[in-house]
Amino acid sequence: MNNWIEHANPLVPSGETAHAGSVDLLFDGLLASALLVLLLLFFLLLRFAIHYRVGNTNADRDHRIQKSWRLETAWTAATLVAFLALFVWGARLYLNLYDAPAGAETIYVIGKQWMWQVQHLGGQREINELHVAADHTVRLIMSSQDVIHSFFVPAFRVKRDVLPGTSEEIWFRPRKPGVFHLFCAEYCGTDHSRMTGRIVVMPQPDFAQWLVRQDVDGTLAAQGASLFRQFGCGGCHGSGATVRSPPLEGLYGKRVPLADGTTQIADERYLRDSILRPRAQIVAGYEPLMPSFEGKISEEEIIKIVAYLKSLGGEGAKP
Amino acid sequence: MPEARPARQFVDLRQQHDVARLGMWVFIATEVLFFGGLILAYCVYRSGYPAEFAEAARHTKIVIGTANTAILLTSSFLVAWAVEAARLRESRFAALLLWTAALLGVVFLSLKGAEYAMEYHERLLPGLDFSFASPQAHAVHLFFSFYIVATGLHAVHVAVGIAVLVAVGIRAHQRAYLEAYHSPITVAGLYWHFVDLVWIFLFALIYLPGRSG
Amino acid sequence: MSEARNYLTEDNSIRSWLLTTDHKRVAILYFIAITVFFFIGGAAAALIRLELLTPQGDLVTSDTYNRLFSMHGIIMVWFFLIPSIPSTLGNFIVPLMIGARDLAFPRLNLTSWYLFIAGGLTTLYAIFVGGVDTGWTFYTPFSTIYSNSHVVLAVTGVFIAGFSSILTGLNFIVTIHRLRAPGLTWYRLPLFLWSLYATSVILVLATPVLAITLLLVALDRAFGIGIFDPSRGGDPLLFQHLFWFYSHPAVYIMILPGMGVVSELIACYSRKAIFGYKFVAWSAIAIAGVGFFVWGHHMFVSGQSAFAGLVFSFMSFIVAVPSAIKVFNWTATMHKGWISYDAPMLYALGFIGLFTVGGLSGLFLACLAYDVYVTDTYFVVAHFHYIMVGGMVTAYFGGLHYWWPKITGRLYPEYWARAAAILIFFGFNMTFFPQFILGVLGMPRRYHTYPPEFQIWHVMSSTGASILAVAYALPLFYLGWSLFFGQRASANPWQTTGLEWQTPSPPPTHNFETPPEVKRKPYDFTTKGKARAQNA
């Protein structure tokens with residue numbers, strides 16, 4: 001596990017991912033600005049403290065100024081400009097993190113006290129480990145079974161809190177194979193510091209073989225299909241249903257008109273919210289009849305049903 | 001006369017009066033933030049569950065709520081009158097007004113108690129055998145949680161206000177206040193008006209949703 | 001000098017102390033209380049740093065460790081840092097500095113002390129029966145549903161102490177507005193008062209929000225009202241918004257008084273008026289004001305929207321500007337001054353250095369993309385300790401030494417004091433600088449066990465902590481010694497400006513024989529000459 005140390009040198013951009021490299025560059029910029037100010041200040045403080053000490057009666061203390069609008073404006077303006085530059089730099093890099101690039105492969109993650117559960121779309125499951133292929137963009141859809149956790153991969157310079165009751169997204173594109181720390185970064189109880197794991201990045205062919213080798217109960221979508229039947233969803237949403245309900249085929253990724261006049265894209269979050277809080281967004285033209293499954297369905301089951309719904313086609317429904 | 005001299009840290013009575021009033025205004029500012037935080041949380045959930053909160057609000061007792069509003073408004077009027085009476089050196093009359101206002105406060109609390117009892121029997125109070133038959137029970141539970149916390153906290157403030165009004169009324173009755181110094185009445189009045197104002201907000205947010213049209 | 005009648009010697013019964021309305025005695029009561037809490041919180045820190053010497057959790061169990069860091073935070077924040085300067089130095093000095101006989105509401109002042117003690121005892125009781133393990137931040141739903149510790153008790157203790165804060169702030173605001181001596185206009189006020197005024201505004205407006213938030217947590221936990229519970233329709237993020245709406249301004253409650261003290265110290269020991277007085281004065285107000293609009297920078301990875309992130313990051317950079325202005329003005333003050341190296345000045349210089357490092361590290365955290373990496377790591381821990389301990393505690397010690405002659409009537413031993421100041425500076429840096437490195441290397445915070453590659457930095461940090469512990473204990477001894485054996489102090493041993501130095505040391509109960517009148521600018525050293533009493 002020694003390679004974890006070499007990726008953690010902040011002064012040398014690690015470049016495990018392109019984003020990490022950019023963050024390290026930003027760090028260098030922040031550090032340079034901070035050191036500049038610090039050294040200037042320390043120099044002045046030391047110089048004044050020594051040169052103008054009580055014992056030095058020869059120092060020139062004539063023409064003392066008590067205030068200077070020019071000086072105040074100058075150093076305030078300089079500070080503001082520097083800060084604004086740093087703000088913009090950090091903001092642009094941050095916004096990158098909010099939208100996964102196209103073609104990202106989705107993997108589901110559930111955080112719970114005190115472990116990470118990973119679900120690949122093919123049904124492969126992992127505990128406290130996440131295997132991915134190098135040079136492929138990975139998009140994680142994460143939620144928590146209990147309290148707030150936080151998914152933190154220092155090597156990729158990414159972190160996102162993992163919440164109960166809603167899902168959060170994170171993405172990264174590792175450049176080359178390696179093994180990296182995974183930490184929980186939001187205090188979550190007794191074994192918070194043991195809720196750690198590994199991100200294992202493999203060359204694509206190795207990763208493909210790894211996928212095949214895992215024991216699988218069927219793909220995520222297939223498991224979701226049987227849950228769909230088990231929970232009785234087909235009773236209203238299946239063919240031959242007596243209740244009029246919005247059709248689910250081809251739904252994923254479509255723009256859905258809601259009863260309050262707004263529209264929403266039917267993404268993963270929309271689907272999960274529809275299962276847990278159906279009354280929050282009623283589809284236009286339909287009665288609010290769907291019961292809530294809050295408390296009756298686990299995170300894992302939601303993920304599988306959502307995967308199944310995505311497999312029913314729709315825009316951008318590639319897994 | 002007990003109030004003839006200013007306390008030792010003050011130069012004169014006028015400074016003492018100014019200080020008392022400024023102190024009460026600052027205190028009211030803290031109360032605004034206290035209730036404000038609660039009301040903000042309520043508004044966040046109301047915007048998240050508009051239909052459910054409207055439905056829940058229809059189960060509040062609008063008649064009692066409206067009566068209580070009228071009672072508090074009247075008591076505030078009496079307190080304002082008492083401040084003016086004190087200014088005109090009508091100490092005993094001011095005392096009478098303050099006690100009547102306090103009595104109205106007691107009526108308010110009694111009605112509130114009756115209201116809570118009714119809601120308890122209807123199983124609407126969270127944590128006390130709450131039960132609501134509907135898929136929206138969660139949101140209704142949230143609404144009534146806000147209801148009981150907000151009106152409960154308000155009731156505590158009313159109780160404190162009643163005690164203050166009675167105490168200040170007693171001093172007024174003993175002719176303890178000269179025209180030059182009646183700031184306890186002014187300051188008590190400020191507090192009471194504030195408690196009344198909070199109720200107006202709570203009334204609008206709790207009793208009125210879902211009832212128009 | 002003979003033992004004249006002063007506030008200490010006048011009636012020494014316990015009853016007179018416990019029922020006092022004299023602001024100076026209330027200040028002493030607070031001083032004793034917060035010192036006790038400082039050492040309790042410090043003991044928790046010592047255990048934490050001992051445990052972290054090794055990567056394995058071998059000193060205490062995880063549950064105990066989690067309780068240790070929670071109690072360390074709760075005690076240090078609410079029972080030491082927030083009351084420290086305002087309730088001790090502020091209570092003592094404010095009426096003296098404005099030429100008044102007492103605060104506006106002396107009985108309220110005593111009440112606030114009793115509330116502080118009630119809150120403190122409740123919290124100590126919570127520790128005694130097992131403690132709380134939620135962190136001082138009480139995040140939901142862990143605190144409301146999953147924690148198996150005494151959340152309601154701990155939260156109640158803090159709730160009660162909050163009222164103590166509010167009353168102190170209320171008292172200061174009214175006092176500074178209405179009880180100033182004739183001639184003491186706002187622009188003649190010493191900067192310590194501007195800072196305390198800004199602090200008091202925050203105390204009064206922010207603390208009530210904490211009160212209602214903690215009340216809701218207690219109710220959620222006790223009655224399951226579900227306000228922060230997603231399975232009951234609640235939103236855990238709402239807790240974070242409400243909590244940080246108070247807790248971010250709270251950090252300004254903690255630092256502004258320290259900045260005020262530093263202004264006094266730099267002026268006195270440079271024998272020069274503070275450069276840019278109005279800028280320094282208004283920067284305190286700006287920090288208090290803008291500080292209410294940055295709370296979301298604690299939540300950049302929490303799941304709040306990107307737009308919110310942008311707004312909060314921008315505002316966080318803005319709020320750093322007035323702090324920078326202060327640092328520049330203090331430095332400019334020293335230019336062409338007459339600098340002496342008494343212990344208070346060493347503390348003031350230490351403050352400027354350490355606060356600047358802490359503040360600059362804040363820029364890293366305000367910067368969105370970098371915060372995503374280092375939030376919830378040791379980088380944040382280092383950042384806030386540089387400001388709270390390196391800044392605030394240093395300023396507190398500086399003010400304590402500066403006003404010690406006035407408060408006690410004794411001079412402290414100068415060389416011991418300078419030694420302690422220097423030892424604190426080195427011990428502090430050795431403890432907390434390695435934590436910046438740990439953060440940048442990716443070590444998360446609140447970790448009982450950690451991967452072995454981080455150990456070297458933890459060993460460095462714990463070593464520094466042992467030095468710091470000795471350094472903090474030193475003043476206890478030599479200040480205590482000075483109470484009995486220290487040279488007696490004159491009214492104005494530093495030969496400096498300010499109304500508090502125009503009355504004997506210690507002051508009489510009523511502060512001034514005749515109410516003073518102010519005719520000059522603040523920090524007017526022109527008539528004071530260069531000679532000063534040396535008190536080695």
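Axes here are lines fitted to C-alpha atoms, for helices over the stretch in contact, and angles run from 0 to 180 degrees between N-to-C directions. With that in hand, welcome to the tour; please keep in mind that this is a predicted model.

**Stop 1: a helix pair in chain C**

Select residues 106-128 and 151-178 of chain C, which are helix 4 and helix 6. Their axes lie 8 Å apart, and the two helices pack at an angle of about 160°. Angles over 145 degrees count as roughly antiparallel, so helix 4 of chain C is roughly antiparallel to helix 6 of chain C. The crossing of this pair, helix 4 and helix 6 of chain C, is left-handed. Colour the contact between them by residue class and you should find 13 nonpolar, 12 polar and no charged residues.

**Stop 2: where chain C touches chain A**

Stay with chain C and bring chain A into view. Here 66 residues of chain C are in contact with 69 residues of chain A. On the chain C side, the elements that each supply at least two residues include helix 3 (62-98), helix 9 (277-290) and helix 11 (343-366). Which helix of chain C gives the most to this side? Select helix 10 (306-334) of chain C: this helix gives the most, with 14 residues. By class, the side of chain C that touches chain A has 42 nonpolar, 19 polar and 5 charged residues.

**Stop 3: the domains of chain A**

Now hide chain C and colour chain A by its domain assignment: domain 1 is 3-50 + 69-96, domain 2 is 105-213 and domain 3 is 220-310. The centres of domain 2 and domain 3 of chain A, taken over C-alpha atoms, are 26 Å apart. Between these two domains of chain A, 9 residues of domain 2 are in contact with 10 residues of domain 3. Strand 1 (105-112) and strand 5 (138-144) of chain A each supply at least two residues of the domain 2 side. That side of domain 2 of chain A has 4 nonpolar, 5 polar and no charged residues.

**Stop 4: an open sheet in chain A**

Strands 1 and 5 of chain A also belong to an open sheet of 5 strands, in the order 3-2-1-5-8, with mixed pairing. Select strand 3 (125-127) and strand 8 (168-172) of chain A to see the edges: each has a single partner strand, so one side of each is left without a neighbour in the sheet. On average, neighbouring strands of this sheet are turned by 25° against each other, direction ignored. Zoom in on strand 1 and strand 5 of chain A, which pair in the parallel sense over 7 bridges. What stands opposite A:Glu105 in strand 5 of chain A? Pick A:Val138 to see the partner.

**Stop 5: a helix pair in chain A**

Move on to helix 7 (residues 268-276) and helix 8 (residues 299-310) of chain A, whose axes come within 10 Å and cross at roughly 120°. That angle makes helix 7 of chain A oblique to helix 8 of chain A, and their crossing is right-handed. Show side chains for A:Glu268, A:Leu271, A:Arg272 and A:Ile275 in helix 7, which meet A:Ile302, A:Ile305, A:Val306 and A:Leu309 in helix 8. This contact between helix 7 and helix 8 of chain A has 6 nonpolar, no polar and 2 charged residues.

**Stop 6: chain B**

Finally, select chain B, which has 6 helices and 0 strands. Its C-alpha atoms fill a box of roughly 65 × 30 × 30 Å, taken along the principal axes.

Definitions and conventions:
Residues are numbered from 1 along each chain as its sequence is written. Chains are lettered from A and ligands numbered from 1 in the order in which they are written. This is a predicted model: local features need pLDDT of at least 70, side-chain atom pairs count only at pLDDT 80 or more; totals for chains, interfaces and linings use all residues. Helices (H or I, at least four residues) and strands (E, at least two) are DSSP runs, numbered from the N terminus. Angles under 35 degrees count as roughly parallel, over 145 as roughly antiparallel, 65 to 115 as roughly perpendicular and the rest as oblique. A crossing is left-handed if the near helix is turned anticlockwise from the far one by less than a right angle, and right-handed if clockwise. Two residues are in contact if their C-beta atoms, placed from the backbone, lie within 7 Å. Ala, Val, Leu, Ile, Met, Phe, Trp, Tyr, Cys and Pro count as nonpolar, Asp, Glu, Lys and Arg as charged, and the others, Gly among them, as polar. Domain bounds come from an automatic or database domain assignment. Two strands pair if DSSP finds at least two bridges between them.
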